[in-house]
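Trainee: Could you take me through one part of this model up close? I'd like to see how one helix sits among its surroundings, and then how that fits with the rest.

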Amino acid sequence: MTDDMMTLRALIEKAPDADLLREMIGFAAHRLMELEVEGVTGAGWGEKTAERLVQRNGYRDRAWETRAGTVELRIPKLRKGSYFPCFLEPRRVAEKALTAVIQEAYIEGVSMRSVDDLVKALGMSGVSKSQVSRLCAEIDGKVKAFLDRPLEGDWPYLWIDATYVKARRQDGRVVSVAVIIAVGVNADGRREVLGMDVGPSEAETFWVSFLRKLTRRGLRGVKLVISDAHEGLKAAVAKVLNATWQRCRVHFMRNALAYAGKSGRRVVSAFIATAFAQNDAGAARAQWRKVADQLRPTIRRLAEFMDEAETDVLAYMTFPKEHWTKIHSVNPLERLNGEVKRRTNVVGIFPNEEAVARLVGAILLEQNDEWAVQRARYLTLETIAPLSDHPTVNLPALAD
């Protein structure tokens, strides 16, 4: 082993440029991936054995940025489950972003006692503004490239949600700012984070600007937008995307049960659920109106609330039934939003809006990478293909 290391060192020192080093890094990376995959599958490549746990399923290409340059990797795929190389460190960008935010808060003198303790625990005492600037520039470049990337193909479904974090303005005041996140499913049935923005409020102008940014990057073919009841967003969807709007069913139920009182919530919930249990949109609308009429004599305001919300809450039922469980609410975003809140709560008060975008953008970049390596589609290709504005044309078979 020592002789091999000496030979390797001598080879690197005599190399005329970085090409040889880059190739050696690539070779080592591929060998490491093969060893890791052998451990996951229980067998080597092409090996036939009863101890094999799972079959391979080709490769996925990915560019790996290293100090020696870009290394093209072929990451093995599995028929069941997923594999991600340990050396790519999928959490690295967000952890750097969190470090940058804490450092920035620390040197600006706006961090609280808990942040000071965290700074010391991370060994970041004595950081300089130049160090923070270099780290921020590195992260900002990656996040910007991710959030500004072109969007190709059709995106039939679009989920949009907003959360709030606290940030300090230039005048020193601490305010709540809205962080909006958009996730879409493309015509291949795969999920991606499409965009993110930070703003002072959820006014219609903010939503219109956000959606127009997405369309300029190539967003098209949107059939259904799923979100909570934001009137500004509903108007922006009609204006920019000309798509159907689905009001989150879960949030609707919370609002509806507020009219019922504590004693009647269970009964009202069961009544409304009978509409959701129908097999088609027509039957659901009929049952919805029947339930509203039954409630009208005793809970008139709830019945009127149901009258107003009917079209928006049942919109998902005009789409393929196989998709209903995933498109009737913003629940598919809950885990992602939970991760965003967990990371942002560590900071507490962000030093500025740029720091918010840096950390949240890095978290979204990580999540998108995790979705990319998942073998299973979020929605099956067979059920989502008919929704595309540009369906694949299948040529008829030639006659014998």
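**A close look at helix H9**

Mentor: Let's start with the bend: H9 has a kink of about 30°, centred on Val267. Keep in mind that this is a predicted model. The helix runs over residues 261-276, and its 16 residues should span 22 Å at 1.5 Å a residue. The end C-alpha atoms are 22 Å apart, so the span agrees with what you'd expect.

Now, which residues of H9 are buried? They are Gly264, Val268, Ile272, Ala275 and Phe276. Look at the numbers with helix geometry in mind: an α-helix has 3.6 residues a turn, so residues three or four places apart point the same way. Cover for the buried residues comes from, among others, helix H8 (249-257), helix H10 (281-295) and helix H11 (300-313).

Follow Ile272 outward and you land in the largest nonpolar core, which has 66 residues. Ile272 is listed there among those with the most contacts inside the core, together with Tyr157, Phe252, Trp288 and Met306. Helix H14 (residues 353-373) gives the most to this core, with 9 residues. As a rule of thumb, in soluble globular proteins, nonpolar side chains tend to be buried together.

Met306 is a handy place to see those links. Setting aside neighbours within four places in sequence, Met306 is in contact with Phe252, Ile272 and Trp288, and also with Val291, Ala292 and Leu295. There's a second, separate core too, with 23 residues, including Ala178, Ile180, Phe206 and Val237.

Phe206 makes a good bridge to another helix, H6 (residues 204-216), where Phe206 is one of the buried residues. The others are Trp207, Val208, Phe210, Leu211 and Leu214. H6 has 13 residues and reaches 18 Å from its first C-alpha to its last, close to the 18 Å expected at 1.5 Å a residue. Strands S3 (157-168), S4 and S5 and helix H7 (231-241) are included in what covers the buried residues of H6. Just after H6 comes Gly218, with a positive phi of about 120°.

Two of those covering strands are partners. S4 (residues 174-185) pairs with S5 in the antiparallel sense, over 8 bridges. One pair to find on screen is Val183 and its bridge partner in S5, Val193. The hairpin of S4 and S5 has 5 residues between the strands, and Gly189 takes a positive phi near 80° there. S5 itself (residues 191-199) is mostly covered, with 8 of its 9 residues buried.

For contrast, try Ala63 in strand S1 (residues 56-66). Is Ala63 buried or partly exposed? Ala63 counts as partly exposed because its relative accessible area is 41%, and buried would mean under 20%. Apart from neighbours within four places in sequence, Ala63 is in contact with Thr70, Val71 and Glu72.

Finally, step back to the whole protein: 15 helices and 8 strands, with 46% of the 400 residues counting as buried. Among contacts with a separation of 6 or more, 64% are between residues 24 or more positions apart.

How far should you trust the picture? The mean pLDDT is 81, and 78% of residues reach 70 or more. Over residues 392-400, though, pLDDT stays under 50, and the model has 0 contacts there beyond four places in sequence. Residues 14-18 also stay under 50, with 2 such contacts. Where pLDDT is low, the predicted coordinates should not be read in detail.

Methods
Residues are numbered from 1 along each chain as its sequence is written. Side-chain values use heavy atoms; hydrogens and water are left out. Buried means under 20% relative accessible area, exposed over 50%, partly exposed in between (1.4 Å probe, protein chains only). Helices (H or I, at least four residues) and strands (E, at least two) are DSSP runs, numbered from the N terminus. Two strands pair if DSSP finds at least two bridges between them. Contact means heavy atoms within 4.5 Å. The expected span of a helix is 1.5 Å times one less than its number of residues. A nonpolar core is a set of buried Ala, Val, Leu, Ile, Met, Phe, Trp, Tyr and Cys residues joined through side-chain atoms within 4.5 Å. pLDDT is the predictor's confidence in each residue, from 0 to 100. The bend at a residue is the angle between axes fitted to the seven residues ending there and the seven starting there.
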